[in-house]
Amino acid sequence: MSRAVMEPFAWALIHFVWQGAVIALAAGLVAAALRGAAPRARYAVFCIAMLSMALAPLVTFAALRGERPVTTAAPGEASVVSSPAAAAFREDAPAPVRWLPWIVRGWLAGVAVLSLRSLGGWILAQRLKRSRTTPAPEAIRQAAARLRARLGMTRAVGILASAAADVPLAIGWLRPVVLLPVTALTSLSPDQIEMVLAHELAHIRRHDYLVNLVQTALENTLFYHPAVWWLSGRIRAEREHCCDDLAVEACGDALGYARALTALEGTAGRRPAFAVAADGGSLLARIQRLLGLERTRRYAPPAWFVALLPVPVILAVVFSATPPTTAGPAAAEPPAREGGFLAGLAEAGYTNISVDEVIALKEHGVEPRFVKAMLAAGLGPLDVSQLILLNEHGVQPVFVAGVAASGLVSDLDVSNAVRLHEHGIDADDLARIRKLGFGPYSSDQVVTLRDNGVTAARIGAMKQQGFGNLSLEQIVKLCRAGII
């Protein structure tokens with residue numbers, strides 16, 4: 001992942017800390033206002049909030065990518081450079097943020113672990129459809145046909161008796177099936193079985209299995225925010241309430257349905273994460289709601305959201321602040337208009353480029369000041385495509401000037417400047433290595449030194465011990481062996 005992509009991606013993840021808190025808080029407040037409404041209203045609110053959470057990082061990333069490129073200093077840019085061109089450009093270089101790649105790496109690791117766990121749950125759910133199942137008795141299949149008609153369902157649904165499932169489950173979206181545990185068939189009355197079956201068919205009618213898949217993917221992607229897990233839990237709870245209402249509507253007996261849930265609680269066991277089941281959520285809370293005994297403050301936002309109230313403002317100010325720049329003529333310049341942009345290119349000597357090339361420079365955020373500084377950095381004449389390449393990869397003139405001034409790199413050109421920058425080369429360390437009497441080296445050799453942890457400090461220590469005439473390969477071997 002190039003730095004031009006990695007940095008806005010990392011900042012999008014960071015900004016989601018306050019964005020997710022705001023979205024979840026708003027959803028909790030709206031749900032509290034709708035506590036007397038039907039569960040489907042709160043379910044819709046929470047689903048919209050979850051969708052907003054999914055879109056927030058994407059919109060932030062797109063917005064950051066669309067801004068004028070703000071690239072950070074490479075590892076070697078933190079100290080004073082010896083080139084006048086580098087010093088001139090130093091005024092506008094923002095502070096380094098070397099920890100951004102670690103945020104992205106940590107996020108990728110978390111997504112990978114949770115995705116593997118979810119994949120295991122999905123495989124388990126699919127196995128349950130085929131493991132130790134038989135067609136349900138004819139009476140139950142006829143009851144399912146009646147319930148489908150009452151629920152307005154036209155799609156086919158398989159009804160299976162399962163010796164492997166612990167609780168009634170609805171699995172699948174394209175070819176959905178309902179698994180009824182053998183223990184439930186023997187412990188529940190026919191009426192209770194029909195009521196439980198109505199709940200599972202309601203899940204299928206509402207496409208809850210598909211929604212649950214998408215919901216799990218969002219949990220895996222935005223796992224680091226507690227508000228995501230809170231919101232997901234609310235979605236699952238309201239989903240069960242919606243299905244309870246549909247089941248009662250189909251069966252016409254709320255009290256009998258509550259008794260069926262009570263009987264089901266005694267047979268409940270473990271269920272896979274990728275199945276929707278009649279024992280989902282809190283059975284006690286669902287029974288209390290059906291009987292009109294639920295608590296009036298049930299849908300109030302959780303208490304820990306109060307502590308998050310100042311967080312959005314604080315983080316928005318901290319993370320949205322632009323890096324300070326040294327006051328001066330360049331810092332005081334207003335954004336260049338089209339005439340100023342063309343005049344700046346002319347001052348840099350780019351008077352013979354085509355209109356399309358001028359537009360390409362503008363669209364890629366290559367400003368005349370960048371062009372002038374890059375020409376003075378030591379790469380020689382540059383065409384439009386090379387300027388765009390350097391800018392897109394975050395290679396600043398201060399970095400190029402530092403590498404050129406070090407005298408250690410013998411084949412510095414545009415492609416090698418990009419490569420050295422991507423490998424985190426420290427230009428000042430290169431200068432110190434050269435002053436110790438080593439080099440010059442090719443870009444490949446410099447990258448080899450960097451990748452093997454060879455620094456000026458280690459080479460200096462080696463030279464002080466009388467080993468100043470070693471070749472690059474010998475130095476690398478000593479460093480790999482942990483001797484220097």
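Helices (H or I, at least four residues) and strands (E, at least two) are DSSP runs, numbered from the N terminus. The legends below describe a predicted model.

**Figure 1. Overview of the chain, with 24 helices and five strands.** The chain has 484 residues, of which 45% count as buried. Its accessible surface comes to about 23500 Å², and carbon and sulfur atoms hold 61% of that area. Among the contacts in the chain with a separation of 6 or more, 74% join residues 24 or more positions apart.

**Figure 2. Packing of helix 2 (residues 39-66) on helix 9 (residues 226-251).** The two axes come within 9 Å and cross at roughly 150 degrees. Because angles over 145 degrees count as roughly antiparallel, helix 2 is roughly antiparallel to helix 9. The crossing of these two helices is left-handed. On the side of helix 2, the contact is made by Pro39, Arg40, Arg42, Tyr43, Phe46, Cys47, Ala49, Met50 and Met53. Helix 9 contributes Ala227, Val228, Trp230, Leu231, Ser232, Arg234, Ile235, Glu238, Arg239, His241, Cys242 and Asp245. Sorted by class, the contact of helix 2 with helix 9 has 13 nonpolar, two polar and six charged residues.

**Figure 3. Close-up of Arg42 in helix 2.** Arg42 is among the residues of helix 2 that make the contact with helix 9. At 2% relative accessibility, Arg42 is buried, since the term applies under 20% relative accessible area. The C-alpha atoms of Arg42 and Arg239 are 9.5 Å apart in space, while the two residues are 197 residues apart in sequence. Arg239 belongs to the helix 9 side of the contact.

**Figure 4. Close-up of Met50 in helix 2.** Met50 is buried, its relative accessible area being 4%. Not counting residues up to four places away in sequence, Met50 touches Gln215, Leu218, Val228, Leu231, Ser232 and Ile235. Of these partners, Val228, Leu231, Ser232 and Ile235 are listed in the contact made by helix 9. Leu218 is 168 residues from Met50 in sequence, and the C-alpha to C-alpha distance between them is 8.1 Å.

**Figure 5. Packing of helix 16 (residues 355-363) and helix 18 (residues 384-392).** The axes lie 10 Å apart, and the angle between them is about 5 degrees. Because angles under 35 degrees count as roughly parallel, helix 16 is roughly parallel to helix 18. Glu357, Ala360 and Leu361 of helix 16 meet Val384, Leu387 and Ile388 of helix 18. By class, this contact of helix 16 with helix 18 has five nonpolar, no polar and one charged residues.

**Figure 6. Close-up of Ser162 in strand 2 (residues 158-162).** Ser162 is buried, with 1% relative accessible area. Leaving aside neighbours within four places in sequence, Ser162 is in contact with Ser131, Arg132, Thr133, Leu179, Leu180, Pro181 and Val182. One of these partners, Arg132, is shown again in the next view.

**Figure 7. Positive phi values at Arg132 and His207.** Most residues other than glycine have a negative phi. Arg132, in the loop between helix 4 (100-130) and strand 1 (133-135), has a phi near 55 degrees, a positive value. At 57% relative accessibility, Arg132 counts as exposed. Among the contacts of Ser162, which is buried, is Arg132. His207 lies in the loop between helix 7 (190-205) and helix 8 (208-221), and its phi is about 60 degrees, also positive. With a relative accessible area of 36%, His207 is partly exposed.

**Figure 8. The cis peptide bond from Gly439 to Pro440.** Most peptide bonds are trans. The bond from Gly439 to Pro440 is cis, with omega near 0 degrees. Pro440 is located in the loop between helix 21 (427-435) and helix 22 (443-451).

**Figure 9. Close-up of Ser443 in helix 22.** Ser443 is buried, and its relative accessible area is 1%. Residues up to four places away in sequence are not counted among its contacts, and Ser443 touches Val409, Asp411, Asn416, Arg419 and Leu420.

Definitions and conventions:
Residues are numbered from 1 along each chain as its sequence is written. This is a predicted model: local features need pLDDT of at least 70, side-chain atom pairs count only at pLDDT 80 or more; totals for chains, interfaces and linings use all residues. Side-chain values use heavy atoms; hydrogens and water are left out. Axes are lines fitted to C-alpha atoms, for helices over the stretch in contact, and angles run from 0 to 180 degrees between N-to-C directions. Angles under 35 degrees count as roughly parallel, over 145 as roughly antiparallel, 65 to 115 as roughly perpendicular and the rest as oblique. A crossing is left-handed if the near helix is turned anticlockwise from the far one by less than a right angle, and right-handed if clockwise. Contact means heavy atoms within 4.5 Å. Ala, Val, Leu, Ile, Met, Phe, Trp, Tyr, Cys and Pro count as nonpolar, Asp, Glu, Lys and Arg as charged, and the others, Gly among them, as polar. Buried means under 20% relative accessible area, exposed over 50%, partly exposed in between (1.4 Å probe, protein chains only). Accessible areas come from the Shrake-Rupley method with a 1.4 Å probe; for residues, only the protein chains shown count as cover.
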